[in-house]
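Work through these exercises with the sequence and the model open beside you. Try each task before reading its solution.

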Amino acid sequence: MLSVEHPERYIGGEINSVIKNKEDISIRFAMCFPDVYEIGMSHLGIQILYEMFNQRSDVWCERVYSPWLDLDRIMRDKNIPLFTLESQDKVCDFDFLGITLQYEMCYTNVLQILELSGIPLLASERYEKKGFDGCSKDADDKVRLGEGYPIVIGGGPCAYNPEPVAAFFDMFYIGEGETEYDELLDLYASMKNDGATRREFLEKAAHIRGMYIPSFYEPRYNQDGTFAGSDIINPNAPSIVKKAVCLDMDNAPYPVKRVIPFIKVTQDRSVLEIQRGCIRGCRFCQAGMIYRPVREKSLETLKKHAIAMIEATGDDEISLSSLSTSDYTKIAELVKWLVETYKEKYINISLPSLRIDHVFLDMMEKIQESKKGSLTFAPEAGSQRMRDVINKGITTEDIMQGSAICFEAGYSKVKLYFMLGLPGERDEDVLAVAELANDVAMNYFDTVPKEERKGMRVMVTSSASFFVPKPFTPFQWSAMDAPESFLRKAYMVNEAMEHAMNHKSLKFQYHESGISELEGVFARGDRKISDVILSAYRKGCIYDAWTESFDRSKWDEAFDENGVDMKFYTQRERGIDEIFPWDFIDIGVTREFLKREYFAAKQGKVTPNCREKCSSCGASSFGGGVCFEKKKQKN
Ligand code: SF4
């Protein structure tokens, strides 16, 4: 262990990690984030499930992350099976291996986890193939639960199109973990007790809301290669899988005792989730659609969580978590309470995802006093026309007003986030990115008198990512830009900034286009993509989300060898009635609504947010959240 970088990633024993007596446990659950420890440890969703599962006396949930490249090599050379952090027991001896899929570029890491665990990569081989070193042998269809390989279950946002990785999972949990896991675990416990087989369990599990068993469906394709739908090949499988939604956020389990790592991780603080979902309806944003409707937590619950978290962790920072913090209806009250309660204790409050206005600055003043760091705006597009196309809901005036307020308050560094390659983008929209950055810099000079600048230079850093159309968004029909086009646009912005009046105050950076293109394939891919992922993994692809280990040439070879054309998945605008591989999932938001929004985007028409006017997206079918706020107030 001492020969690897950060052995602390693998040893467990952190404060608040849960240790149980194996003898008292009937279900052992290995919960995996398929990336390095520092990233995985920062993920709230895993912490929620860890807390929730370990509250059950019959379950022991432990953590496992992707071994970094150095340990990966050693484990393969020495045939060491992957182990969990808490007990250091082999993952292949567990009842479940749960893998969260937070981004598409982790797919080869999923295969790494399976292979190092000694679990066959293909779900179809987990009934018959023999295990390796120490795993149960002779697993076949008659092997009882707990005697064969773990049930490999996937979840997280990428599970909303599970098809590209369907071959590697026994089942997927589609939706929010707080609601159906208890039923699934109860079912497993009783069937294990009764000596049921893996297949018998999957057949019963298929009846629980949100559960998708890919092996019970057989995809069909049209002659032109487009997806034609799936045949149900097991009578227990439903034709539609409805996502699981947690409506009672106040009584949902929450990880107030987060595990405290020995090393610095990406999010090393207490996180207070204030609401789930977003009222805004940006047309590029998958989270904004799949987490509808917005559900807030009450102030009382949040205060209770904050107090418990600080007590259990000793953290010196609380960060509010939400897709759009400003839209939480009691944000001012909450921040006031947090500041009053924790100021004396030197506990910082951080507020990401805020809209920048006077209310925001008032709050920043309260929490930051004299520290003036940089402020972040996400206009996403340079021109107003384009912001209307994506339904961003902010105007150039908002940005100018917001930045002026910040400059007046003493800030001189601004970060702007943009996307290039948005549907319907024209060259003038691209150039508008540089114009907007220049205008923001100019705004500084117009707002702050020379004598007050104290030799400070305003710095506006713009960064652009490559737009990737995602399932369950109005842009699910859209063609993705070609990488050459993205690069051309990035160069255009760069050049325009170099020639801008305030060029010395402008910085521009853009993301790797090769990774985004692959993300585009995986996001809207079908089952044919599984073979490509497997081939790429066999060639050594791993940690593809990391620029330093991403090897595009191996991926190109994998696509060629499997006769799969990347452009078919990325650069093709879909026919309006084309069947998508993810259409079998019901997220509440209807295809009709997404279609309306797709056409509204083409016409540059803005759709109001949920609190201005309900657009009947379909999410009210869940019976809670923002859709019922007004009715509740009237009663
Ligand atoms: S039904 Fe209306 S209020 Fe509810 S999420 Fe959809 S648009 Fe928003």
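**Exercise 1. Find the strands that helix 9 lies across, and give its angle to strand 10.**

Solution. Start with the helix: helix 9 covers residues 299-313. It lies across strand 10 and strand 13. Its direction makes about 165 degrees with strand 10. Axes here are lines fitted to C-alpha atoms, for helices over the stretch in contact, and angles run from 0 to 180 degrees between N-to-C directions. Contact means that the C-beta atoms of two residues, placed from the backbone, lie within 7 Å. Helices (H or I, at least four residues) and strands (E, at least two) are DSSP runs, numbered from the N terminus.

A note on the source: this is a predicted model, where local features need pLDDT of at least 70 and side-chain atom pairs count only at pLDDT 80 or more, while totals for chains, interfaces and linings use all residues. Residues are numbered from 1 along each chain as its sequence is written.

Now take one residue of the helix. Glu-311 sits in helix 9. It counts as exposed because 11 other C-beta atoms lie within 10 Å. The cut-offs: buried is 20 or more other C-beta atoms within 10 Å of the residue's own, exposed is 12 or fewer, partly exposed is in between, with C-beta atoms placed from the backbone. Glu-311 and Ile-399 are 88 residues apart along the chain, and their C-alpha atoms are separated by 39 Å.

**Exercise 2. Give the strand order of the three-strand open sheet, and explain why one side of strand 10 and of strand 14 is left without a neighbour.**

Solution. The order is 10-13-14, and the pairing is parallel. Strand 10 (270-273) and strand 14 (348-350) stand at the edges; each has a single partner strand, so one side of each has no neighbour in the sheet. Neighbouring strands are turned by 25 degrees against each other on average, direction ignored. Two strands pair if DSSP finds at least two bridges between them. Strand 10 and strand 13 (residues 317-321) are joined by four bridges. One residue pair to locate: Leu-272 has Leu-320 in strand 13 as its bridge partner.

**Exercise 3. Describe the open sheet of four strands and the helix that packs on it.**

Solution. The strand order is 15-16-17-18, with parallel pairing. Strand 15 (374-380) and strand 18 (506-510) stand at the edges with a single partner strand each, so one side of each lacks a neighbour in the sheet. The twist averages 20 degrees from one strand to the next. Five bridges link strand 15 to strand 16 (residues 413-420). Leu-375 has Val-414 in strand 16 as its bridge partner. Helix 15 (residues 483-498) packs on the sheet and touches strand 16, strand 17 (459-466) and strand 18. The direction of helix 15 makes about 170 degrees with that of strand 18.

**Exercise 4. Is strand 2 mostly covered or uncovered?**

Solution. Strand 2 (residues 59-65) is mostly covered, with seven of its seven residues buried. Val-59, Cys-61, Arg-63 and Tyr-65 point one way. Trp-60, Glu-62 and Val-64 point the other way. Next, its partner: strand 1 (residues 27-33) runs parallel to strand 2, joined by seven bridges. Phe-33 stands opposite Tyr-65.

**Exercise 5. List the residues around the ligand, then check the backbone at Pro-293.**

Solution. The shell holds Arg-292, Pro-293, Cys-610, Cys-614, Ser-615, Ser-616, Cys-617, Ala-619, Ser-620, Val-626 and Cys-627. A residue is near a molecule if its C-beta atom, placed from the backbone, lies within 6 Å of it. By class, the shell has seven nonpolar, three polar and one charged residues. Ala, Val, Leu, Ile, Met, Phe, Trp, Tyr, Cys and Pro count as nonpolar, Asp, Glu, Lys and Arg as charged, and the others, Gly among them, as polar. The peptide bond from Arg-292 to Pro-293 is cis, with omega near -5 degrees. Pro-293 lies in the loop between helix 8 (286-290) and strand 12 (295-296).

**Exercise 6. What is the phi of Asn-79, and what is the phi of Tyr-346?**

Solution. Asn-79 has a positive phi of about 55 degrees, although it is not a glycine. Its loop runs between helix 4 (69-78) and strand 3 (96-100). Asn-79 is exposed because it has 9 C-beta neighbours inside 10 Å. Tyr-346 also has a positive phi of about 55 degrees and is not a glycine. Tyr-346 lies in the loop between helix 10 (331-342) and strand 14. With 8 other C-beta atoms within 10 Å, Tyr-346 is exposed.
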